[in-house]
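Student: Could we go through some labels that were assigned to this model and ask, for each, what justifies it?

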Amino acid sequence: MELLRSNLARVRIPEPTTRIYKHECCISYDTLKSEGGLFVDMNTFLAFGRDYVGWNYEKTGNPVYLHIKQTKKTDAEDRPTKKPTLLAIGLEGGFDNNEPQYEEVYEIVVLPDNVTLPFPSVELPEKVRLAVDAILLAEGAERKEQLASWTADKKLVSKYAMDLQQLDNGVAVPPVGWKCAKCDKTDNLWLNLTDGTILCGRKNWDGTGGNDHAVNHYRETGYPLAVKLGTITADLEGADVFSYPEDESVVDPLLAQHLAHFGIDFSSLQKTEMTTAERELDQNINYDWNRIQETGEDVEPLFGPGYTGLVNLGNSCYLAATMQVMFSTHSFSSRYYLDQPLKAAFSTAPVDPTVDLNMQLTKLAHGLLSGKYSAPVLEKDDTANSAISQKQEGIRPRMFKSVIAASHPEFSTTRQQDALEFFLHFIDQVERINSGTPDFDPSRSFKFGIEERLQCSSGKVSYNRRNDYILSLNIPLEKAVNKKELAQFRNLKAERAAGEKELSADEIVRPRVSLKDCLDCFSAPEEVHDFYSTALEARTTAIKTAGLTSFPDYLVLHMRKFVLEEGWVPKKLDVYIDVPETIDISSMRSNGIQPGEELLPGSAAGDGEQSIKILADEDIVAQLVSMGFNLLPCQKAAINTSNSGVEAAMDWLLNHMNDPDIDAPISENVQNPGIDQSKVDTLVSFGFEEKLARSALKASGGDVEKATEYIFSHPSASTTSDMDVTTSSEAAVDPLIPDGGGRYRLLGFVSHIGTSTQCGHYVAHIQKDGRWVIFNDDKVGVSKSPPLDMGYLYFFEKLES
């Protein structure tokens with residue numbers, strides 16, 4: 001007791017807002033149920049497993065810990081099932097998840113001598129008793145986010161929705177190219193559901209957001225409801241509807257009807273398609289679900305190192321499937337497991353390791369690859385005998401998800417996300433944390449160069465280079481190898497429709513396209529109409545070809561299965577891709593300008609005059625290109641929005657697609673426009689740097705007020721200089737980008753089940769130890785029938801020459 005009293009200065013009583021970790025170790029996946037339980041640091045309130053608490057003492061010198069251990073209770077035979085009164089899991093009144101009941105035991109531990117003192121005990125100092133009581137009564141930081149995620153959305157139905165007046169004013173809203181009716185804003189736009197006017201949202205305190213035109217329109221007209229453009233999805237559930245008189249986000253049960261009034265006809269789509277293609281699609285989805293998850297197969301469960309499952313945290317399968325493949329690569333497993341011990345990562349982590357991406361990546365790697373958490377669960381049968389279960393508990397990547405989502409608000413929700421978008425975001429974050437040590441950056445093993453060649457009718461050429469992490473491929477349905485079977489299926493479908501009979505799942509035939517045709521489509525010559533030729537000083541038709549300037553260690557192929565149909569309706573292509581287990585893309589290499597070729601004017605190197613070198617953000621460009629846009633306009637979009645983000649670049653692109661010079665090469669020589677120094681001085685007097693002031697004035701046509709708004713609405717501009725993109729063949733090649741032969745073997749693939757990337761389920765199949773393995777969240781087993789033709793993302797590993 002005296003030892004404890006002598007260390008009371010290292011004990012803190014947590015405040016109500018203090019983050020307290022008491023359910024999971026911050027550097028491993030040990031929990032209260034693990035052997036040894038958890039030790040909560042009574043100074044930092046971080047939890048550590050038995051094998052790791054000593055590391056924390058060595059690092060911090062904090063000696064006093066609350067030791068919590070859970071033991072399973074014996075289930076009562078007459079345990080009643082409570083009727084839920086709340087749409088939630090794990091909350092009082094919510095659904096009973098039928099998990100075993102546990103009891104907790106507590107004690108105070110003082111390091112380094114492992115002196116233990118019982119709790120509760122009146123002999124403990126009052127400060128210790130108060131601190132322990134506060135810890136036990138507080139909701140753990142790990143649980144707060146989890147419980148909030150499962151609690152149902154409490155948005156209410158608007159009282160204005162059912163009787164909403166809509167004007168017959170002939171307004172038809174186009175699917176793209178939106179702009180505020182009263183200013184130049186092209187983001188944060190709201191469609192008024194009464195008169196169809198598109199207006200910008202509220203202005204934030206820092207000058208960002210809109211110009212209050214939407215809310216002012218309500219004040220002038222009294223038209224109550226508006227929906228935010230860009231949040232409308234096929235199922236409409238995620239649409240952001242705001243009621244101005246109720247001053248909150250609301251539910252509009254008739255939103256499909258209200259949108260249809262302005263040409264966004266979701267209601268008719270649902271009625272007609274549900275009787276034909278949608279019903280057929282439902283059958284396909286069931287078939288997909290069974291094939292991708294190998295439902296009905298006698299899957300042999302696997303346990304041990306490299307076979308640890310990831311528990312679904314609520315629509316987190318996109319994360320689980322992607323991370324299983326990533327940590328099956330040598331680059332990531334070496335960086336965060338083989339070459340980085342947990343203790344080394346913890347010793348260099350900040351005070352709170354739960355918010356450090358390097359620490360949480362190392363924790364995840366050790367959790368997945370060590371085998372420590374991949375063991376059969378012991379269960380008791382009706383005779384109270386212990387038996388080995390075919391299941392494993394897996395690990396719950398809550399802390400990793402919290403950290404990786406910190407800079408991306410969509411990934412912090414429990415909504416389903418696009419695995420491709422998550423992969424690109426993950427790679428970007430990994431590159432950022434390894435920027436100081438590029439030689440150790442595992443993301444660069446996925447990086448490669450793409451070169452586009454444009455030749456106009458003058459015979460002169462332009463080359464554009466960029467780096468990317470994914471090769472996004474169109475699927476040429478016209479190259480289907482089963483055209484005869486498809487024709488027969490169309491006839492059968494017409495016969496059944498005439499007789500009002502349905503097709504069975506076994507009768508449905510889908511196009512089957514070879515991966516080689518998809519790769520050839522990427523490299524095939526493509527006509528670019530209305531191309532502005534600087535040689536001819538006129539519009540003409542150019543021929544575009546594309547190739548790779550380097551071959552990465554790991555090649556990720558994205559199959560563009562999702563397209564946007566008329567009326568903003570996302571559609572998934574029902575197609576199979578014949579993917580071999582080895583490919584050779586050597587013929588796709590591009591070698592830049594060739595002898596005898598002449599560059600278009602404006603594409604050559606500068607003549608010594610002052611130039612402004614603009615570099616488009618590669619990640620923004622890559623995401624725009626993956627949507628199907630050409631490279632050059634994507635680069636211009638990133639440049640003209642100061643690399644402020646994909647959304648801003650997309651808005652710019654949609655508003656400038658018809659510009660006469662949209663396809664004109666970007667000159668490396670851009671004369672510095674004359675900028676009034678007095679205006680620069682005015683902005684500098686506001687506290688902005690001169691370089692930033694000049695960039696803002698240039699972007700806003702020399703208008704001081706618009707330049708100020710530009711700076712506030714483009715926070716990344718403060719770190720971005722006046723930029724242009726190099727379009728000549730002299731673009732520097734990053735020496736850190738790997739290169740080699742073009743032969744690859746299929747390492748794994750991520751499949752998707754569902755009508756869009758925002759719903760459904762993701763599953764990973766990976767080649768391990770000479771066999772295919774299915775990773776379906778926390779279920780891991782031998783794959784008997786890997787659906788190689790149903791992948792969304794394919795991961796190929798380079799074969800040694």
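Tutor: Pro 112 is placed in the loop between strand 4 (102–110) and strand 5 (115–119), where helices (H or I, at least four residues) and strands (E, at least two) are DSSP runs, numbered from the N terminus. This is a predicted model, in which local features need pLDDT of at least 70 and side-chain atom pairs count only at pLDDT 80 or more, while totals for chains, interfaces and linings use all residues. Residues are numbered from 1 along each chain as its sequence is written, and side-chain values use heavy atoms, with hydrogens and water left out.

Student: What is the peptide bond from Leu 111 to Pro 112, cis or trans?

Tutor: That bond is cis, with omega near 10 degrees. Another cis peptide bond joins Phe 119 and Pro 120, with omega about 5 degrees, and Pro 120 is found in the loop between strand 5 and helix 3 (126–137). Most peptide bonds are trans.

Student: Why is Ser 28 called buried?

Tutor: Its relative accessible area is 3%, and buried means under 20%, exposed over 50% and partly exposed in between (1.4 Å probe, protein chains only), so Ser 28 counts as buried. Leaving aside neighbours within four places in sequence, Ser 28 is in contact (heavy atoms within 4.5 Å) with Tyr 52, Lys 363 and Tyr 373.

Student: What makes Asp 520 partly exposed?

Tutor: The relative accessibility of Asp 520 is 34%, which lies between the two limits, so the residue is classed as partly exposed. Asp 520 lies in helix 16 (residues 515–523), and its C-alpha atom is separated by 9.6 Å from that of Ile 585, 65 residues apart along the chain.

Student: Which sign does phi have in Phe 45, positive or negative?

Tutor: Phi of Phe 45 is positive, about 65 degrees, although the residue is not a glycine. Most residues other than glycine have a negative phi. Phe 45 sits in the loop between strand 1 and strand 2 (47–49), and with a relative accessible area of 0% it is buried.

Student: How do you know that Asp 769 is exposed?

Tutor: The relative accessible area of Asp 769 is 66%, which is over the limit for exposed residues, so the label applies. Asp 769 is placed in the loop between strand 25 (761–768) and strand 26 (771–776), and its phi is near 55 degrees, a positive value in a residue other than glycine.
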